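Let's take a stroll through this one, starting with the rings and then moving on to the charges. Have the structure open while you read.

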Amino acid sequence: MTAHIVPLPAAGDLERAAQRDAVEQLILVDEQDRPIGVAGKLEPHELGQLHRAFSILVFNTEGELLLQRRADSKYHFASRWSNTCCGHPRPGETTSMAAGRRLKEEFGIRVPLNEQAEFVYRAEDQASGLIEHEYLHVFYGVHTEAPRPDPTEIGAWRWMSVPAIKRALRRHPEWFTPWFKLLVERMLSD
């Protein structure tokens with residue numbers, strides 16, 4: 001896979017990102033996405049608690065998907081290829097507002113987003129021991145310009161056709177995040 005490599009972040013940038021993550025709050029939910037509480041960002045991932053999240057799929061006008069390789073410094077599923085952007089709404093923030101905010105924070109772009117689906121999944125990161133258990137809202141958008149990625153979040157990026165993504169997932173599933181495989185199976189079927 002050819003990709004645009006993002007320059008490594010400065011140490012100060014990594015520290016600011018860690019401080020931001022340390023105060024971030026997630027919305028804990030039940031199986032119907034009803035809020036049942038809040039928790040710090042790390043605790044739900046340590047305990048496997050169900051929490052609200054979103055994933056964004058941004059396409060260009062040729063139908064290629066903007067992929068990111070998660071930064072080496074990410075606390076779980078580091079250095080793996082994934083969909084354009086993922087994140088969590090903050091307490092008091094709508095999921096669609098959070099998706100737009102996070103896309104700007106991670107990739108430096110603003111894109112009109114449309115919610116396409118919702119589903120629950122669970123995945124364990126063997127390397128970190130952390131667990132993703134998310135009520136996931138999936139958004140689509142279209143963008144044609146080069147992004148401006150945050151190096152504390154993204155290590156590399158590229159546009160890739162859906163058939164090429166499916167081939168890469170079959171040949172090298174370990175290169176990708178587990179939720180990306182689910183997104184491709186559920187959202188990008190033939």
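How many aromatic pairs does a search of the whole structure find? It turns up 5 aromatic pairs. One of them is Y121 with W179, a tilted pair with centres 6.5 Å apart and 45 degrees between the planes. This pair ties together distant parts of the chain: Y121 belongs to strand β8 (residues 114-124) and W179 to helix α5 (residues 178-187), 58 residues apart. Y121 and W179 are buried. They also belong to one aromatic cluster, together with F77 and F119. F119 has a charged visitor too: the charged end of R186 sits over its ring, 4.2 Å from the centre.

Keep in mind that this is a predicted model. Zooming out, the protein has 5 helices and 10 strands. Its radius of gyration is 16 Å, close to the 16 Å that the globule rule gives for 190 residues, so the protein is as compact as a globular protein of that length. Along the principal axes, the C-alpha atoms fill a box of roughly 40 × 40 × 35 Å. Of the 190 residues, 53% are buried. Among contacts with a separation of 6 or more, 67% come from residues 24 or more positions apart. On the outside, the protein exposes about 9,100 Å², and carbon and sulfur atoms supply 52% of that.

Now for the charges. The structure holds 15 salt bridges, including these:

| Salt bridge | N to O distance |
|---|---|
| E93 and R101 | 2.8 Å |
| R101 and E105 | 3.2 Å |
| E153 and R102 | 2.8 Å |

The E153 and R102 salt bridge links distant parts of the chain, with E153 in the loop between β9 (131-142) and β10 (154-160) and R102 in helix α3, 51 residues apart. E153 and R102 are buried. The salt bridges don't stop there: through shared partners, R20, E24, K74, R90, E93, R101, R102, E105, E106 and E153 are joined into one network.

R101 deserves a second look, since it appears in a salt bridge with E93 and in another with E105. R101 and E105 both lie in helix α3 (residues 95-107), 4 residues apart, which is about one turn of the helix. Is R101 buried or exposed? R101 has 16% relative accessibility, so it counts as buried. E105, at 30% relative accessibility, counts as partly exposed. On the other side of the R101 pairings, E93 is buried.

Note on methods
Residues are numbered from 1 along each chain as its sequence is written. This is a predicted model: local features need pLDDT of at least 70, side-chain atom pairs count only at pLDDT 80 or more; totals for chains, interfaces and linings use all residues. Side-chain values use heavy atoms; hydrogens and water are left out. Rings of Phe, Tyr and Trp (its six-membered ring) pair if their centres lie within 6.5 Å; planes under 30 degrees apart count as stacked, over 60 as edge-to-face and the rest as tilted. Helices (H or I, at least four residues) and strands (E, at least two) are DSSP runs, numbered from the N terminus. Buried means under 20% relative accessible area, exposed over 50%, partly exposed in between (1.4 Å probe, protein chains only). A charge sits over a ring if NZ of Lys or CZ of Arg is within 6 Å of the ring centre and within 35 degrees of the ring normal. The radius of gyration is taken over C-alpha atoms; the globule rule is 2.2 Å times the number of residues to the power 0.38. Contact means heavy atoms within 4.5 Å. Accessible areas come from the Shrake-Rupley method with a 1.4 Å probe; for residues, only the protein chains shown count as cover. A salt bridge is a side-chain nitrogen of Lys or Arg within 4 Å of a carboxyl oxygen of Asp or Glu.
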